[in-house]
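Let's walk through this structure together, starting with the overall picture and then moving along the chain to some of its helices and loops. Keep the model open beside you as you read.

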Amino acid sequence: MSTGAPSSAGGAGGTSNSGTGNQFTAQAQSATASTSGAAQNTTAGTSSAGTSNNQNLNQIVTDYLLKKGYRRTEEIFRQEVKDIDENGKPRENGDSTASGRSSAGKYLAAFKHFDAWVQGGLEVYKFELNKFVWPLFIYSYIRLIKQGSSAHAEEFMKEFRGRFEKNHPDEIKNLATVTLPQHLDEDGLIKTYATNQYLIPISKSLSATLFSFLERDFDQGGNIILDLINQHIRVDAVDRGPIEPYSFEAIYRRARQQDLDEVDIQEGIPGMPTTQSGLMNRSLLDEKAALKLGPLPMEPELREDVVAELEEEDKLNPPQEGFPSLVDEFNALNPVKKESDDSPQRSDIPYPPSRARDVVMEMQKTRENRDRYKIDPRNGAQGAGVTIHMWTFHNHLGTISCMDFSSDQNFVAVGTMESYIRVWSVDGQALKSRLPTDTENTNNRKLYGHSGPVYSVAFSDAIANLDRNIYEGEGEGDTEGPDDGKPDTRPSLLLSCGFDGEIRMWSLDVWTCLCVFKGHHGPVYSLQWSPHGHYFVTGGWDKSVRLWSQDHISALRIMVGHDTAISEVAWHPNGMYVFSASDEIDKSIRMWSITSGDCLRIFNGHVEFISALKCSPNGKILASADIAGNIFLWDIEKGTRIKRCRGHGRGGIWSLDFCVESTVLASGGQDCTVRLWDVNMPSEGRIANQQDGENAITSASGDGKQAGQSQSASGSAGTGKKKGKEVMITPDQISAFPTKKTSVKKVQFTRMNLALAGGVYQPETQEPGR
């Protein structure tokens, strides 16, 4: 093909131009017209030289195709270039002389504006509103092709195809091949979309919100979106609340062996599978999102101080033979790593600067980790040698609603249905106040402030102090404490929440309330301190999970997505993620990023109220329990269930905790037992016998009996007065420790792998579970 100089004239290879801009006629121009056009272009001046060259090149190609008889190819070429400006880019508003193409460039802006509104809205509405994004995308593209704006259609496809290729790969491939209006009738799938209305059922309240937005932003693209909905989409307003894939409606459908509600079966294009046209699937949640489950790196300055003090400690107290030095143990616990995809960065979450107390606590954590009792999972009939220290509370008659042990094992706190909190010293020493006017000298304190039942209490981090003052004579400003000026490593704060919707922070130095955090609407059922302190998380009746910090009176982040109230919350050990469990109706567990507020994983499988939640120290496994006696272990990275552990009777498993090695799980519940489970062993159950009305089960107890053996156990075993009930006990149960009519409210492993347990004694006159 000849591409001669622009000033050449005559022949098919000339530079003919009709003199009307970029509009080209379907017929070849005469040599005289070509000469005239060339002369006009030559005298147009240097300012139009680039435009003339582009126009002439297009005409050369057109004339060549016509000369060779490639009329279909020539027609496609003209369709491609008519919306392209002199720089080869799509025109902003198309060709003003072409009817119907004046708004071609606005489809891209309108779609972007609508998508930004959907993604920036409330989490609870995103699922339903996202149903509009796919049909609006496909109908916008079809509209651009139909009016002949191929260049804008190509740009539109290039901009947005990436977000739909995962869920609609076949449709995207078909759509990308449609570049001319006549193609719309040749492709069966696209023709189905073009000739049918797309049905979308949404809640009535959300329907009103949608059309209110389109009317408000009419001039910012709302007019285009509204026109597409009117012509191609049928909105079916349904009288129900907001719905998402794991809402009450979804769980109700699964319980009735239904994939979809009756109204949702018709969603999409008639006769087309929902997986092709609808969005009723898990695609809206990116379960392949990368997680950073590794430990949080230590602050460099703190690390240097800890290593220096541990080196001094190793000189004063050399390790015993066969034991590593404290420095070696610390480096093994906190290895120096370069940036890793598996671990978060220290800058991801802002923390206050370290203090002398932090140095002492890290030193003691290293010592306790080295000297701890190493737990190996069970081997055959031999159980893990775990010692359980059980605390029983008498004469409370069911008023205790929650319990927590301090990390230094010096305090235990309970919340009551009578709206007060009570704190005891474990060793019986007096709980004194730093206020000179407070002369009370007792081993327990009552904290008043809540106006309803207290549902959860939690101590701040603590550890046993050093035998010596490492800062003696250095004048450290923050080392003042009750023990001869040493940094105070006891728990200084206690959090509580309850029916009144308040979160209270209590000082354990002056035994009074320091701050009241408000924000939840309705009762607050669960709270937990961050593993690194400073932050804490709460969940309540208003279906929200809220992140707080000690230095802010209002919530830093609100995470919404559950359909019903939050029953339990838990932290990931690196402090980057929190888990929340919803109650009787939703029964799902969600994993949230505290940096972005996004829901990253959803765990489904429970069919009863979820009563306990705990993440393993290695950050890879999540344990959850329900009132039916089931314990589920989940793979956090994959978002899948590992196994189900069974052995507890009905009534509720109120507490879970992992040993330091993450190989043994402890559980305590309403059936008056503490049980140990092998995390690594697969679960395959056998049938045992449990007495109706009596919840104490001694199968696989500490006397060395192997799990899975059929036994009949109760507080009145051998009487034969009550009919036995079959209970499945999986062989991954290592041991079961029955109490004497004491329901277990709390189990907790110490850093030395001692298991603590606490519960309330139920006298004969009180039925278990009431």
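A residue is called buried here when its relative accessible area is under 20%, exposed when that value is over 50%, and partly exposed in between. With that in mind, 51% of the 770 residues of the protein count as buried. Please keep in view that this is a predicted model. Its secondary structure comes to 18 helices and 32 strands. Sequence separation is worth a look too: if you take the contacts between residues at least 6 apart in sequence, 62% of them join residues at least 24 apart.

Let's begin with the helices, and with H12, which covers residues 222–232. Which of its residues are buried? They are Gly222, Ile224, Ile225, Leu226, Leu228, Ile229 and His232. As a reminder for reading such a list, an α-helix has 3.6 residues a turn, so residues three or four places apart point the same way. And what do the buried residues of H12 pack against? Their partners are three helices and two strands: helix H4 (106–119), helix H6 (133–146) and helix H11 (204–216), together with strand E1 (198–203) and strand E2 (233–238).

One of those partners, H6, deserves a closer look. Two packed helices are described by the angle between their axes and the distance between the axes. For H6 and H12, the angle is about 95° and the axes are 11 Å apart. Angles from 65 to 115 degrees count as roughly perpendicular, and H6 and H12 are therefore roughly perpendicular to each other. On the H6 side, the contact is made by Leu136, Tyr139, Ser140 and Arg143. On the H12 side, Ile225, Asp227, Leu228, Ile229, Gln231 and His232 take part. By class, the contact of H6 with H12 has five nonpolar, three polar and two charged residues. Ile225, Leu228, Ile229 and His232 also appear among the buried residues of H12.

H4, another partner of the buried residues of H12, also packs with helix H7 (residues 150–160). Here the angle is about 25° and the axes lie 9 Å apart. That makes H4 roughly parallel to H7, since the cut-off for this label is an angle under 35 degrees. In this pairing, Tyr107, Leu108, Phe111 and Lys112 of H4 meet Glu155, Phe156, Glu159 and Phe160 of H7. The classes in the contact of H4 with H7 are five nonpolar, no polar and three charged residues.

Further along the chain, find helix H16 (residues 300–316) and helix H17 (residues 326–333), whose axes come within 8 Å and cross at roughly 150°. An angle over 145 degrees counts as roughly antiparallel, and H16 and H17 are therefore roughly antiparallel to each other. H16 brings Arg303, Val306, Val307, Leu310, Glu311, Glu313 and Asp314 to the contact, while H17 brings Leu326, Val327, Phe330 and Asn331. These residues divide into six nonpolar, one polar and four charged.

Now turn to the loops between strands. Thr399 sits in the loop between strand E3 (388–393) and strand E4 (400–405), and Thr399 is buried, with a relative accessible area of 15%. Which residues is Thr399 in contact with, leaving aside its neighbours within four places in sequence? Gly415, Thr416, Met417 and Glu418 are the ones. Ser419 is found in the loop between strand E5 (411–416) and strand E6 (420–425). Ser419 has a positive phi, near 75°, in a residue other than glycine, and Ser419 is buried at 18% relative accessible area.

Lys741 also has a positive phi, of about 60°, although Lys741 is not a glycine. You will find Lys741 in the loop between strand E30 (733–738) and strand E31 (742–749). At 23% relative accessibility, Lys741 counts as partly exposed.

Next, go to Asp671, in the loop between strand E25 (664–669) and strand E26 (673–678). Is Asp671 buried or exposed? Asp671 is buried, with a relative accessible area of 0%. The side chain of Asp671 makes a polar contact, at 2.9 Å, with the side chain of His648. Asp671 and Ile653 are 18 residues apart along the chain, and their C-alpha atoms are separated by 8.1 Å.

Finally, a word on cysteines. Cys659 is buried, with a relative accessible area of 0%, and Cys672 is buried at 5%. How many disulfides does a search of the whole structure find? The search finds zero.

Definitions and conventions: Residues are numbered from 1 along each chain as its sequence is written. This is a predicted model: local features need pLDDT of at least 70, side-chain atom pairs count only at pLDDT 80 or more; totals for chains, interfaces and linings use all residues. Side-chain values use heavy atoms; hydrogens and water are left out. Buried means under 20% relative accessible area, exposed over 50%, partly exposed in between (1.4 Å probe, protein chains only). Helices (H or I, at least four residues) and strands (E, at least two) are DSSP runs, numbered from the N terminus. Contact means heavy atoms within 4.5 Å. Axes are lines fitted to C-alpha atoms, for helices over the stretch in contact, and angles run from 0 to 180 degrees between N-to-C directions. Ala, Val, Leu, Ile, Met, Phe, Trp, Tyr, Cys and Pro count as nonpolar, Asp, Glu, Lys and Arg as charged, and the others, Gly among them, as polar. A disulfide is a pair of cysteine sulfur atoms within 2.5 Å. A polar contact is a pair of N or O atoms within 3.5 Å; within protein, one must be able to donate a hydrogen and the other to accept it, and residues adjacent in sequence count only if both atoms are side-chain atoms.
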